[in-house]
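These are my notes from going through one model, element by element. I wanted to know what packs where, and which charged side chains pair up.

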Amino acid sequence: MGTDRYAYQSRLRRISPMPKLLLTGSALVLCLLCDSVTVGLVTLLAMWGLVTALGGLSPRVFLRFLCIPMAFLAVGCVTILINSYPQGAPVLLAVPVGERLWGFDGAALLRAGRLFCKALGAVGAMYFLALNTPVTDVTMALERLHVPHLLVELMELIYRFIFVLTETASRIRLAQESRLGYQGVRRSLSSLGTLASMVFLRAWRKADRVYTALESRGYSGSLVTLSGGYARGAWLYPLTAAVAAVQLAAWYLERSVMG
């Protein structure tokens, strides 16, 4: 929901979503295919620069959103980094546990670093789209690309019901806090369990009422959204080629240095 708010404030808001999808898709695919630390970092920095320069958002906004997936990436990379080795194996850092060594060697460090940087670059590419294009524009672009209609409808409905869930959860939590439901660890855990059990029941009822309201207004299995007036944004196509060229150049340079 935070990304959608910034997307409506972006200077690229009125640009057609098609070139933005192409730029995001090409940067994402190249970042994943190159499987390179340098390409991942270059992709991240390029998307950060484009969001700041073209979208007009503060660099701290991008960094704040980037901190969210970094925690998950760090946990995932640690599980890849730490391995078990026999005694006497050439490791960079390890702790003896019984007859085995638990730590990492150079290959594991490179593998984890490559995965971390590649994932960050992919997240950066997706943030370029999310911070500059509202969800309704993305779904309309997917329909123009002939993505299956059922898939697009599910995306729209799931996105709309996220707000139903969050609104229901916030109201329950506010009522619990007004009754001192989060004073102390024991009471906080009890209130959290009640919140988790009640939020889906109430959200389900509200979703059913929303669906009834849709049917009463002529809903026939398709959500029709009027497209806005977009600028073509043809200048984004050469920019897409430039970003791809920078990614490939970074991959080539890394290969040359390491090879």
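**Entry 1: helix α1**

I began with the contacts of α1: its buried residues pack against α4 (59–81), α5, α6 and α7. I note here that the model is a predicted one.

Which residues of α1 are buried? In this helix, residues 2–9, I found Asp4, Tyr6 and Ala7 buried. I then looked down the axis of α1: the buried residues fall within an arc of 165°, so they line one face of the helix.

**Entry 2: helix α6**

I went next to α6, which spans residues 135–144. Its buried residues are Asp137, Val138, Thr139, Met140, Ala141 and Leu142. I asked what covers the buried residues of α6. The cover includes α2 (17–34), α5 (106–130) and α7 (149–178). Beyond the helix I checked the backbone: histidine 146 follows α6 and has a positive phi, near 65°.

**Entry 3: the strands**

I took the strand pairings in turn. β1 (residues 83–86) pairs with β3 (residues 100–104) in the antiparallel sense, over four bridges. In this pairing I looked up proline 86, which stands opposite arginine 100 in β3.

How many bridges join β2 to β3? I counted five, and the two strands run antiparallel. For proline 96 the bridge partner in β3 is leucine 101. For valine 97 the partner in β3 is arginine 100. I note that arginine 100 is thus listed opposite proline 86 and as the partner of valine 97.

The connection between β2 and β3 is a hairpin with two residues between the strands. Glycine 98 sits in that turn and has a positive phi of about 65°.

I then asked whether β2 is buried or in the open. Of its five residues, the number buried is zero, so the strand lies largely in the open.

**Entry 4: a nonpolar surface patch**

I stayed with valine 97, which lies in β2, residues 93–97. Its relative accessibility is 46%, so I logged valine 97 as partly exposed; the range for that class runs from 20% to 50%.

Valine 97 belongs to a nonpolar patch on the surface. The patch is formed by Val78, Ile82, Val95, Val97 and Trp102. Together these residues have about 440 Å² of accessible area.

**Entry 5: salt bridges**

Side chains of opposite charge can pair when their charged atoms come close. I searched for such pairs with a cut-off of 4 Å from a side-chain nitrogen of Lys or Arg to a carboxyl oxygen of Asp or Glu. The count came to four salt bridges. I wrote up three pairs, as follows.

Lysine 118 and aspartate 35 meet through their side chains at 3.2 Å, N to O. What does this pair tie together? Lysine 118 lies in helix α5 and aspartate 35 in the loop between α2 and α3 (37–53), so the salt bridge ties together parts that are 83 residues apart in sequence. I checked the accessibility of both partners: lysine 118, at 17%, counts as buried, whereas aspartate 35, at 33%, counts as partly exposed.

Arginine 171 and glutamate 167 form a salt bridge at 2.8 Å, N to O. They are four residues apart in helix α7, so about one helical turn separates them. I have arginine 171 down as exposed, at 57% relative accessibility, and glutamate 167 as partly exposed, at 29%.

Arginine 173 and glutamate 177 form a salt bridge at 3.2 Å, N to O. They also lie in helix α7, four residues apart, which means a separation of about one helical turn. Arginine 173 is partly exposed at 34%, and glutamate 177 is partly exposed at 41%.

**Entry 6: leucine 174**

Last, I looked up leucine 174, which is found in helix α7. Is leucine 174 buried or exposed? At 60% relative accessibility I logged leucine 174 as exposed. I also took its separation from proline 59: the two are 115 residues apart in sequence and 33 Å apart in space, C-alpha to C-alpha.

How values were computed:
Residues are numbered from 1 along each chain as its sequence is written. This is a predicted model: local features need pLDDT of at least 70, side-chain atom pairs count only at pLDDT 80 or more; totals for chains, interfaces and linings use all residues. Side-chain values use heavy atoms; hydrogens and water are left out. Patches are made of residues with over 30% relative accessible area and no salt bridge: like charges are joined within 9 Å, nonpolar side chains (Val, Leu, Ile, Met, Phe, Trp, Tyr) within 5 Å. Accessible areas come from the Shrake-Rupley method with a 1.4 Å probe; for residues, only the protein chains shown count as cover. Buried means under 20% relative accessible area, exposed over 50%, partly exposed in between (1.4 Å probe, protein chains only). Two strands pair if DSSP finds at least two bridges between them. Contact means heavy atoms within 4.5 Å. The arc is that of the directions from the helix axis to the C-beta atoms.
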